[in-house]
Amino acid sequence: RNSSDSKFVLWADHYICAVKLNPNTFKDKTMSSQQEGFNEALIQPLRQFAKDSLHLVKKCTKPDRKEFTTIAKATGIGFAIMGFIGFFVKLVHIPINNILVGN
């Protein structure tokens with residue numbers, strides 16, 4: 001067997017390329033492996049996200065008046081509950097803090 005026929009396994013990130021030991025071929029395969037890795041790591045997820053987003057927007061419908069008022073009421077009640085919880089926590093925290101600090 002000739003030494004130029006032997007293969008060399010290159011690890012680029014977590015992709016494996018079998019390349020000949022010719023330096024020019026080695027550079028080309030490394031670059032294409034890095035390009036494939038970049039494509040798989042960044043471009044394909046962005047394309048899938050855009051595709052899923054367009055699919056979601058096409059399937060969405062505008063809520064009617066009744067549905068909108070129901071959602072608005074539920075959101076308002078949630079805000080009010082969270083506000084009261086924050087108020088009571090602060091109300092309890094102030095005397096405890098004064099006792100601990102001793103002002």
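Me: How do you know that the end C-alpha atoms of α2 lie as far apart as its 37 residues should span?
Reply: In this predicted model, α2 should span 54 Å at 1.5 Å a residue, the expected span being 1.5 Å times one less than the number of residues. Its end C-alpha atoms are 53 Å apart, so the two values agree. The helix covers residues 65-101, and G102, with a positive phi near 85 degrees, follows α2.

Me: What makes up the secondary structure of the protein, and in which order do the elements run?
Reply: The protein has two helices and two strands. From the N terminus on, the order is β-β-α-α.

Me: Why is F87 called partly exposed?
Reply: The relative accessibility of F87 is 47%. Partly exposed residues fall between the 20% limit for buried and the 50% limit for exposed, so F87 belongs to that class. F87 is found in helix α2.

Me: Why does F84 count as exposed, and why is F88 partly exposed?
Reply: F84 reaches 53% relative accessibility, and exposed means over 50%, so F84 counts as exposed. F88 has a relative accessible area of 47%, which lies between 20% and 50%, so F88 is partly exposed.

Me: What makes the pair of F87 and F88 edge-to-face?
Reply: The ring centres of F87 and F88 are 5.5 Å apart, and a pair requires centres within 6.5 Å. Their planes meet at 65 degrees; because planes over 60 degrees apart count as edge-to-face, the pair receives that name.

Me: How many aromatic pairs does the structure hold?
Reply: There are two aromatic pairs in the structure. One of them joins F84 and F88, with 6.5 Å centre to centre and 25 degrees between the planes. Planes under 30 degrees apart count as stacked, so this pair is stacked. F84 and F88 both lie in helix α2, four residues apart, about one turn of the helix. Together, F84, F87 and F88 form one aromatic cluster.

Me: Which residues form the nonpolar patch on the surface?
Reply: The patch consists of F84, F87, F88, L91, V92, I96, L100 and V101, with about 850 Å² of accessible area together.

Me: How much area does the protein expose, and what share of its residues counts as buried?
Reply: The protein exposes about 9500 Å², of which carbon and sulfur atoms supply 65%. Of its 103 residues, 8% count as buried.

Notes: Residues numbered from 1 in each chain as written. Predicted model: local features only at pLDDT ≥ 70, side-chain atom pairs only at ≥ 80, totals over all residues. Heavy atoms only, no water. Buried < 20%, exposed > 50% of the residue type's maximum accessible area, 1.4 Å probe, protein only. Areas by Shrake-Rupley, 256 points an atom, 1.4 Å probe, with all protein chains shown as cover. Patch = residues over 30% accessible without salt bridge, like charges linked within 9 Å, V, L, I, M, F, W, Y side chains within 5 Å. Salt bridge = Lys/Arg side-chain N within 4 Å of Asp/Glu carboxyl O. Phe/Tyr/Trp six-rings, centres within 6.5 Å; stacked < 30°, edge-to-face > 60°.
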